[in-house]
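Visitor: I have a model open in front of me and would like to learn how to read its features one at a time. Could we begin with a single residue and work outwards?

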Amino acid sequence: MYSIELTDEKLLRVTPPPAEGAEVPEEVKAAMIRQAMDILKNSYAPYSHYNVAAAVLMSSGRIYTGVNVESALLTNTICAERNAIFHAAAQGERRIIAIAIVGGPNSADPDDLAKHDYCTPCGVCRQVMRDFARPDRMTVICAKSETDYREWTLEQLLPESFGPEDLEED
Ligand SMILES: [Zn+2]
């Protein structure tokens, strides 16, 4: 006989959820960065040796995480940011408030993050964020530690962008 049971979802949840476009509170940013640093060790990057983890805060207040996962056929690789966003989307989430990203070459140990520059999201991930955010209201946080980080709006990282509304007929 097998026992098949639901486990606790093991996600952090911020209550009340920070509003879209509002300044993300410091303690929430720190919690997101900590969540990303906690799973950085799970980054699977045997080819590039560039480890990345991300924690994305959705409009429900839940924080979902992801790491980069590479493949011997390198085009199959997925970034940590998209892994986290798709994790959230699979649970029915559709609106990003903020994302925290940590990473660097040979940085599976968070203590190594300070040795390298901030890890910023690639162009593909920026475009995927665009589907789930208002560019001027989403915060992108790139961190070396809970207190050492830089942040931008998605609009600043992806100006004059193409998004879902551009597919609508006038
Ligand atoms: Zn990416």
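Guide: Let us start with A54, bearing in mind that this is a predicted model. Once its neighbours within four places in sequence are set aside, A54 is in contact with A36, T65, G66, A80, E81, A84, I99, A100 and I101.

Visitor: Which residues of the largest nonpolar core touch the most other members?

Guide: The general idea is that, in soluble globular proteins, nonpolar side chains tend to be buried together. Here the largest nonpolar core has 41 residues, and those touching the most other members are A36, A54, V56 and I101. At least two residues of this core come from each of α1 (26–39), β2 (50–58), β3 (62–67), α2 (80–90), β4 (96–105), α3 (123–131) and β5 (139–143).

Visitor: In what order do the strands of the open sheet lie?

Guide: The sheet is open, with 6 strands in the order β1-β3-β2-β4-β5-β6 and with mixed pairing. Because β1 (12–13) and β6 (149–153) stand at the edges with a single partner strand each, one side of each has no neighbour in the sheet. At one edge, β1 pairs with β3 in the antiparallel sense over 2 bridges, and R13 stands opposite R62 in β3. At the other, β5 and β6 run antiparallel and are joined by 5 bridges, with T139 having T153 in β6 as its bridge partner; a hairpin of 5 residues leads from β5 to β6.

Visitor: Where does α2 lie with respect to the strands, and which of its residues are buried?

Guide: α2 lies across β2, β3 and β4, and runs at about 140 degrees to β3. Its buried residues are A80, E81, R82, N83, A84, I85 and A88, and what covers them includes β2, β3, β4 and α3. Just after α2, G92 takes a positive phi of about 95 degrees.

Visitor: At what angle do α2 and α3 pack, and how far apart are their axes?

Guide: In general, two packed helices are described by the angle between their axes and the distance between the axes. For α2 and α3 the angle is about 20 degrees and the axes are 9 Å apart. Since angles under 35 degrees count as roughly parallel, α2 and α3 are therefore roughly parallel to each other. The contact is made by E81, R82 and I85 of α2 together with C125, V128 and M129 of α3, and α2 passes α3 in a left-handed crossing.

Notes: Residues are numbered from 1 along each chain as its sequence is written. This is a predicted model: local features need pLDDT of at least 70, side-chain atom pairs count only at pLDDT 80 or more; totals for chains, interfaces and linings use all residues. A nonpolar core is a set of buried Ala, Val, Leu, Ile, Met, Phe, Trp, Tyr and Cys residues joined through C-beta atoms within 7 Å. A residue is buried if 20 or more other C-beta atoms lie within 10 Å of its own, exposed if 12 or fewer, and partly exposed in between; C-beta atoms are placed from the backbone. Helices (H or I, at least four residues) and strands (E, at least two) are DSSP runs, numbered from the N terminus. Two residues are in contact if their C-beta atoms, placed from the backbone, lie within 7 Å. Two strands pair if DSSP finds at least two bridges between them. Axes are lines fitted to C-alpha atoms, for helices over the stretch in contact, and angles run from 0 to 180 degrees between N-to-C directions. Angles under 35 degrees count as roughly parallel, over 145 as roughly antiparallel, 65 to 115 as roughly perpendicular and the rest as oblique. A crossing is left-handed if the near helix is turned anticlockwise from the far one by less than a right angle, and right-handed if clockwise.
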